[in-house]
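Got your viewer open? Load the structure and keep the selection box handy, since we'll be hopping from stop to stop.

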Amino acid sequence: MKFAKLTLASDYKIGKIDKRVYGSFVEHLGRCVYGGIYEPGHPSSDENGFREDVLELITELQVPIVRYPGGNFVSGYNWEDGIGPKENRPKRLELAWGTLETNEFGTDEFMKWCKKAGTSPMMAVNLGTRGPDEARQLVEYCNHAGGTYLSDLRKKYASALPYDVKLWCLGNEMDGPWQMGSKTAVEYGRTAYEASKLMKWVDPSIETVLCGSSGWHMKTFGEWETTALDIAYDTVDYVSMHQYHSNADEYLENFLAKGVETDSFIESVIAALDYVQGKRHTKKRIDISFDEWNVWYHSNGTKFEKWSKAPHILEDVYNFADALVVGTMLNSILRHSDRVKIACLAQLVNVIAPIMTEDGGKAWKQTIFYPFYYASKYARGYALQGITETSKYDTRWYSDVPDVDTSAVISEDGEELVIFAVNRDIKDSITLETKLCDFEGFVPVENIALQDCDAEDINTKDCEKVKPVSKELPELDGKMLRCELKPMSWNMIRLVKRKD
Ligand code: AHR
């Protein structure tokens, strides 16, 4: 018998949800920048070449931060190539992805775009082929008010006012052999320590993110975090983690269970960070920047012309099952909101993204757009520590996978409660029975679901097969809220406190 029970009490809080967990990522990769956010000559583009149809969709997502310019790209990037008159900017071989980088779009364009998109930049510095010197110079270019060579250059080229970039990533995936200038944990720890120190000497108000291992399955994972963090502890604020789920073996029940690996990964990173804190006998706690996460596998092996500009790479067309996995990853992020302070859905447009475009044509919402949209819109406030009891299942890879995966959030003013639930069961509906211990006066006002789709259903520019449906409000009987979750479905139930 399949079942799901959840008990919620308003005082049992996991932590305040940092709004930066609804971040995203724009890399100079494929058509994320060129043909994604930037396409001069497109009918919807403004005088800067920023696509306004794309901006509209991004605005819907309410993304508070956007990481830029990479990713693997940043490890070979000369930021100076992307400033000044466009006609003087050099074309470069981009070694991370084997493409041509024209540098038409650079730091100044990104800052302008962020303003228009209503978001804040999270910049990454190159600690692969470059080092602390170029990193602190970029901070000076961006954040120093004026009166120095670099800050005056910014004033001359683009902006009288400093950009005031608050968040900085110290390189990207530095333990990956695919990374330009990859390093051992000791080499990286020293480089990051010095880079962060100099960057903060330029602007003490910034926060920096140390690269964790590039993945949970890396041989370096664990040892990398503890070694590099121990060296860099005093000058950094967060450690990054990256996770992409794939469905390479097309085994649906197994794929839908992938969110349990997100829980385990986050908890392992917390353990590594806390180990270093304990060892150093310090009060300073390091939290997590989950600055790349998503599903990624559909586009594996896509062929493209080497050294071409903005080829179609990593353009995963997401299906319904992917949206459910993204829903469980969001639940996991919310359930760890005491330690995950930053998270970036990778990426934002075209490249493993919730938004797709065609060159010169439309922009549309991929299936994964929706769970992100609803979490970003409504899961603001405090994550609640729900007590869950649910039937479970086993797959070849995982045991005891909850049939129903949940998270719950109470708004900052305590007037609104939101429950997110994914029913992983591919055959049966399951009734989610939620005991609301002390939510007197709360009534359900919205019940939204992604449901009744085939796992492979996708959205295209002309047809949105996977989209939210508004359902009948769930039954509230005293303290007990009962909501039917269709097989293979993502659900959001919203309750508000009656005013009378
Ligand atoms: O997001 C795509 C790539 O995935 C990034 O460039 C890299 O950091 C990761 O391996």
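Below is a short tour of a predicted model, with something to select at every stop.

**Stop 1: the seven-strand sheet**

Start by selecting strand β26, residues 489-497. Is this strand mostly covered or mostly open? It's mostly covered, as seven of its nine residues are buried.

Now add the neighbours. Strand β20 (residues 416-423) pairs with β26 in the antiparallel sense, over eight bridges. To see one of these pairings, pick I419 and look for its bridge partner in β26, I493. Next select strand β22 (residues 442-450), which also pairs antiparallel with β26 over eight bridges. Here, L450 stands opposite W490 in β26.

Keep going outward from β20. Strand β19 (residues 404-410) is joined to β20 by seven bridges, and the two run antiparallel. Click V404 and you'll find its bridge partner, N423, in β20.

Zoom out now. You've been walking through an open sheet of seven strands, in the order β2-β15-β19-β20-β26-β22-β23, with antiparallel pairing. Which strands stand at the edges? They are β2 (13-16) and β23 (469-470); each has a single partner strand, so one side of each is left without a neighbour in the sheet.

While you have side chains switched on, here's a handy rule: in a regular strand they alternate between the two faces of the sheet.

**Stop 2: the five-strand sheet**

There's an open sheet of five strands to visit too, in the order β16-β1-β21-β25-β24, and its pairing is mixed. Its edge strands are β16 (387-390) and β24 (475-477), each pairing on one side only. Turn the view to follow the twist, which averages 20° from one strand to the next.

For a close-up, select strands β21 (residues 430-436) and β25 (residues 480-485): six bridges join them, and they run antiparallel. I430 is a good place to click, with L485 as its bridge partner in β25.

Then slide along to the loop between β25 and β26, where you'll find M488. M488 isn't a glycine, yet its phi is positive, near 45°. Is M488 buried or exposed? It counts as buried, at 9% relative accessibility.

**Stop 3: a loop with some backbone quirks**

Select the loop between β12 (340-346) and β13 (355-357) and find N350 there. N350 has a positive phi of about 65° although it is not a glycine. N350 counts as buried, with 0% relative accessibility. What does its side chain reach? Show G35 as well: the side chain of N350 reaches the backbone oxygen of G35 at 3.5 Å.

Q347 belongs to this loop between β12 and β13 too. Check the peptide bond from A346 to Q347: it's cis, with omega near -5°.

There's another cis bond to hunt down, from G70 to G71, with omega near 15°. For that one, look at the loop between β4 (65-68) and β5, where G71 sits.

**Stop 4: salt bridges**

How many salt bridges does a search of the whole structure find? It finds 44. Let's look at a few.

Select R67 and E292, whose closest N and O atoms are 2.9 Å apart. R67 lies in strand β4 and E292 in strand β11 (residues 287-295), so this pair ties together parts that are 225 residues apart in sequence. Both ends are covered: R67 is buried, with a relative accessible area of 1%, and E292 counts as buried at 5%.

Next, try D234 and R280, with closest N and O atoms 2.9 Å apart. D234 is in the loop between α6 (223-232) and β10 (238-245), while R280 is in the loop between α8 (259-279) and β11. D234 is exposed, at 53% relative accessible area, and R280 counts as partly exposed, at 27%. Add D230 and K279 to the selection, and you have a network of salt bridges linking these four residues.

One more: R335 and D263, with closest N and O atoms 3.0 Å apart. R335 lies in helix α9 (residues 320-335) and D263 in helix α8, so the pair ties together parts 72 residues apart in sequence.

**Stop 5: out to the surface**

Finish by selecting L93, L95 and W307 and switching on a surface view. They form a nonpolar patch, with about 310 Å² of accessible area together. L93 sits in strand β5 (residues 92-94) and is exposed, with a relative accessible area of 53%.

Notes: Residues numbered from 1 in each chain as written. Predicted model: local features only at pLDDT ≥ 70, side-chain atom pairs only at ≥ 80, totals over all residues. Heavy atoms only, no water. Patch = residues over 30% accessible without salt bridge, like charges linked within 9 Å, V, L, I, M, F, W, Y side chains within 5 Å. Areas by Shrake-Rupley, 256 points an atom, 1.4 Å probe, with all protein chains shown as cover. Salt bridge = Lys/Arg side-chain N within 4 Å of Asp/Glu carboxyl O. Helix = DSSP H or I, 4+ residues; strand = E, 2+ residues; numbered from the N terminus. Buried < 20%, exposed > 50% of the residue type's maximum accessible area, 1.4 Å probe, protein only. Pairing = 2+ DSSP bridges. Axes fitted to C-alpha atoms, helices over the stretch in contact; angles between N-to-C directions. Polar contact = N/O pair within 3.5 Å; in protein donor to acceptor, adjacent residues only side chain to side chain.
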